[in-house]
Amino acid sequence: GFRYMLLETETEWKADDFTAIAVYSDLERTGFFESSNVLLNRFVENTVWSFKNNHLDIPTDCPTRERHGWTGDIQVFQKTAQYLFDYVPFAKKYLHDVYDWQKEDGRLPQIAPYGGVDFFMAPMNGSVGWSDVGILMPYRLWKQYGDRDILVQHYKPMKKYAGFMMNRIGKRYLTAQNTGLPKDDAKNIVNAGQSFGEWAEPADVHQTDWLRDMSVPHPEESTAYTCYVLEKMAEIAEVLGKKDDADLFEKEAQRVRRGYQALRQLPEFTLDTNRQASLVRPLYMNRLNETQKEYAKERLLAAMEQYGWRLGTGFLSTPLILPVLEKIDLNAAYKLLENEEMPGWLFMPKSGADTIWESWEGTEAQGGIASLDHYSKGSCVEWVFESMCGIQVDSENHFVIAPHPGGTFTYGKARYQSVYGMVESGWVREEGKTRYTVTIPANCTAEIRLPHGKTEVVKAGTVILEED
């Protein structure tokens, strides 16, 4: 939580008279990465340290200013955390912190444990993207660690929160803007409840204003996340054999999806925008119809070009933008990743930072008080493991290895100590060829999918493959 120490004394001293002790919960490191880009390597390690600095019994936002357990921060960062560390024990404990607070109507908190919340912020409890951690955290633990019991243990309160989300569909908050949607469409969106929205976009993209942004509903974000969470609940209910619940969640999700598509046809919520988050979110969550989807893809590339291939996202969409760009054009994803200008991931280490900033502008943000030790925008590291190096836990004792070399990188490699053993994936580009080296742990299998279409199913051991 600090970088420098001030010492005022007339006594003689030397540097080794002092010891700095970093204090954090002792989570086992499981993910390691290296590439030909020194700045990216440093950014990953900066992310590791920002995570450690903010994981002392609870996941805090920063170790220097608020030290609160903001649910949104870990919600966006969780997949990165699961690659870098053995996160199950910590996450299970934190889920108890979250659900200990749950209200009778199913609402979940913006901060857990609930402390240090100003009275005027109370209506923000239940904010989409933040409180959704109650469902998204156990869902992701199940997907990566195969821990079905976590779903069983928390299903009842998860269902209760899903009910809270469904009760807001079609309702209109007193301070909500009139969207102009016909009645049949308005009943399918979420225009009720205060929320943080995207949070911490670059100031020249969207200048956050408390009154304008925090005292009113955010129908675009709220409708998108409500649909997303209900889809996950439908999947969870299905795997637990609760068919009636699964059918209900899926039915409500489809209804909200239709409402979202109608909302994005309005001038106020148009897809014809340069605001990256507004385009990334529906593409990642598959909220749009085919016509809207194709337009949003084109519009996102145009928006990226207009902003000089710099990052224009806030908290919620930062972990989503590389996967979205990868599906449109892999070169676009790498162009954004390798950007060294502000706003950008690599701008931080290039500027000498050894932790991750809350705001893209660093010390220039929020009147100079923005945190310089916030882990959330390090959430792109999940893409480095999952797509750049292609390590994906597919099911019990089985992996999908689907690496995506690109940009100006000459090599990239990652290793991950999964619950099934150490898996490694790396590639080297030289003389017009790309050589892939993959190691699969004992008692496991993997399907290797190379970029040009070659696939191979392998058993435990090391395999080397090559493509032109």
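**Exercise 1. Determine how strand β5 is paired with strand β8, and then with strand β4.**

Step 1. Strands β5 (residues 398-401) and β8 (residues 433-449) run parallel and are joined by four bridges. Strands here are DSSP runs of E with at least two residues, helices are runs of H or I with at least four residues, and both are numbered from the N terminus. Two strands count as paired if DSSP finds at least two bridges between them.

Step 2. For a specific position, take F399: its bridge partner in β8 is A446.

Step 3. With strand β4 (residues 391-395), β5 pairs in the antiparallel sense, over four bridges. Here I391 has I401 of β5 as its bridge partner.

Step 4. The side chains complete the description: H398 and V400 point one way from β5, F399 and I401 point the other way, and all are buried. Buried denotes under 20% relative accessible area, exposed over 50%, and partly exposed the range in between (1.4 Å probe, protein chains only).

The model is predicted: local features need pLDDT of at least 70, side-chain atom pairs count only at pLDDT 80 or more, and totals for chains, interfaces and linings use all residues. Residues are numbered from 1 along each chain as its sequence is written, and side-chain values use heavy atoms, with hydrogens and water left out.

**Exercise 2. Identify residues with a positive phi outside glycine, and the cis peptide bonds, and locate them.**

Step 1. Begin with the general expectation: most residues other than glycine have a negative phi, and most peptide bonds are trans.

Step 2. N397 is not a glycine, yet has a positive phi of about 60°. N397 belongs to the hairpin of β4 and β5, which has two residues between the strands. At 26% relative accessibility, N397 counts as partly exposed.

Step 3. R67 also has a positive phi, near 55°. R67 lies in the loop between β3 (58-59) and α2 (71-84) and is exposed, with a relative accessible area of 51%.

Step 4. A cis peptide bond joins A112 and P113, with omega about -5°; P113 is in the loop between α3 and α4. The bond from M342 to P343 is also cis, with omega near 5°, and P343 lies in the loop between α13 and α14 (347-350).

**Exercise 3. Describe the surroundings of N125.**

Step 1. N125 is found in the loop between α3 (88-100) and α4 (133-145). With a relative accessible area of 3%, N125 is buried.

Step 2. Next, list the polar contacts, meaning pairs of N or O atoms within 3.5 Å; within protein, one must be able to donate a hydrogen and the other to accept it, and residues adjacent in sequence count only if both atoms are side-chain atoms. The side chains of N125 and Y114 are joined by such a contact of 2.8 Å. A polar atom of the N125 side chain also lies 3.0 Å from the backbone nitrogen of Q110.

Step 3. Contact in general means heavy atoms within 4.5 Å. Not counting residues up to four places away in sequence, N125 touches W101, R107, L108, P109, Q110, Y114 and S131.

**Exercise 4. Check the length of helix α11 and establish which side of the helix is buried.**

Step 1. The expected span is 1.5 Å times one less than the number of residues. For the 17 residues of α11 (residues 290-306) this should be 24 Å, and the end C-alpha atoms are 24 Å apart, which agrees.

Step 2. The buried residues of α11 are Q292, K293, A296, R299, L300, A303 and M304. They cover an arc of only 135° around the axis, so they are on the same side of α11; the arc is that of the directions from the helix axis to the C-beta atoms.

Step 3. The face turned away from this buried side carries the exposed residues E290, T291 and E298.

Step 4. The buried residues pack against α9 (243-263), α10 (276-285), α12 (318-328) and α13 (330-337). A303 is buried at a relative accessible area of 0% and, leaving aside neighbours within four places in sequence, is in contact with T273, N274 and L279.

Step 5. At the start of the helix, a side-chain oxygen of N289 reaches to within 3.2 Å of the backbone nitrogen of T291. Just after α11, G308 takes a positive phi of about 70°.
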